[in-house]
Amino acid sequence: MTSETEPEGVVSASNYVSGNWPWCAFDKNVATFWMGTLRTNEWLAYQFTAPVFVHTVSLLVADTIACPRNVQVQKSEDGVNWIDATSILILKRTTDLQNIFVSSAGFASMWRLLIRDTYGAAPAIGELNFIGFEQLQSD
């Protein structure tokens with residue numbers, strides 16, 4: 001991503017620190033990151049251009065103190081009503097790539113990572129990737 005809407009999709013977040021925009025977590029550049037402003041209940045979302053079946057979420061944290069602890073992967077069709085797809089307690093404070101496997105996968109246009117709390121500071125996500133496949137369109 002190079003902005004909230006380029007090259008495709010829409011990135012949004014609950015909050016962000018100026019210069020650490022939400023789209024920085026989707027720009028494939030580990031030197032940039034999204035940073036929330038609170039330790040609890042921050043979220044980072046991506047709206048796809050078509051429904052996507054997400055089965056895995058890869059997460060790269062920018063700093064171990066900003067590592068999420070309790071997280072939920074959620075899906076939505078309207079951006080208002082969110083359904084939990086999986087919940088996880090991240091036991092390892094690390095800046096290594098982590099994969100979260102979605103236990104209740106399914107198709108949805110919007111996906112987000114809801115960070116219930118962190119290990120110390122506001123979350124700083126270097127890269128976030130919702131891995132899956134698009135729904136086939138019938139003729």
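# Notebook: loops, strands and a core

**Entry on N41.** I started with N41, which is found in the loop between β2 and β3. I note here that I am working with a predicted model. I looked up the backbone angle: N41 is not a glycine, yet its phi is positive, at about 55 degrees. That caught my eye because most residues other than glycine have a negative phi. Is N41 buried, partly exposed or exposed? With a relative accessibility of 41%, N41 counts as partly exposed.

**Entry on K28.** Next I went to the loop between β1 and β2 (34-35), where K28 is found. K28 also has a positive phi, near 60 degrees, in a residue other than glycine. I checked its surroundings too: K28 is exposed, and its relative accessible area is 73%.

**Entry on P7.** I then looked for an unusual peptide bond. Which peptide bond is cis? I found that the bond from E6 to P7 is cis, with omega near 5 degrees. It is worth a note, since most peptide bonds are trans. P7 is found in the segment before β1.

**Entry on β1.** Moving along the chain, I compared the two faces of β1. V11 and A13 make up the covered face, while V10 and S12 lie on the uncovered one. This pattern is easier to read once I remember that in a regular strand the side chains alternate between the two faces of the sheet. I also asked how β1 and β3 pair, and over how many bridges. They pair in the antiparallel sense, over four bridges. A13 has L44 as its bridge partner in β3.

**Entry on the core.** L44 turned up again when I looked at the largest nonpolar core, which has 30 residues. L44 is among those with the most contacts inside this core, along with F26, W111, L128 and F130. Five strands each supply at least two residues of the core: β1 (10-13), β3 (42-61), β4 (68-76), β7 (107-118) and β8 (124-134). Which strand gives the largest share? I found it to be β3, with eight residues. As background, I wrote down that in soluble globular proteins, nonpolar side chains tend to be buried together.

**Entry on F130.** I picked F130 from the core for a closer look. Leaving aside neighbours within four places in sequence, F130 is in contact with several residues, including F26, L44 and W111. Its list of contacts also holds Y46, F48, V54, T56, V57, R112 and L113.

**Entry on T86.** In strand β5 (residues 83-89) I found T86. T86 counts as buried, at 9% relative accessibility. What does its side chain make a polar contact with? The partner is the side chain of S103, at 3.1 Å. Not counting residues up to four places away in sequence, T86 touches V71, Q72 and V73, and also I100, F101, V102 and S103.

**Entry on the cysteines.** Last, I looked for disulfides, and the count comes to zero. Why is there no bond between C24 and C67? The sulfur of C24 is 19 Å from that of C67, its closest cysteine sulfur, so the two are too far apart for a bond. The cut-off I needed for this step is a pair of sulfur atoms within 2.5 Å. I looked at burial as well: C24 is buried, with a relative accessible area of 4%, and C67 is buried too, at 0%.

Notes
Residues numbered from 1 in each chain as written. Predicted model: local features only at pLDDT ≥ 70, side-chain atom pairs only at ≥ 80, totals over all residues. Heavy atoms only, no water. Core = buried A, V, L, I, M, F, W, Y, C linked by side-chain atoms within 4.5 Å. Buried < 20%, exposed > 50% of the residue type's maximum accessible area, 1.4 Å probe, protein only. Contact = heavy atoms within 4.5 Å. Pairing = 2+ DSSP bridges. Polar contact = N/O pair within 3.5 Å; in protein donor to acceptor, adjacent residues only side chain to side chain.
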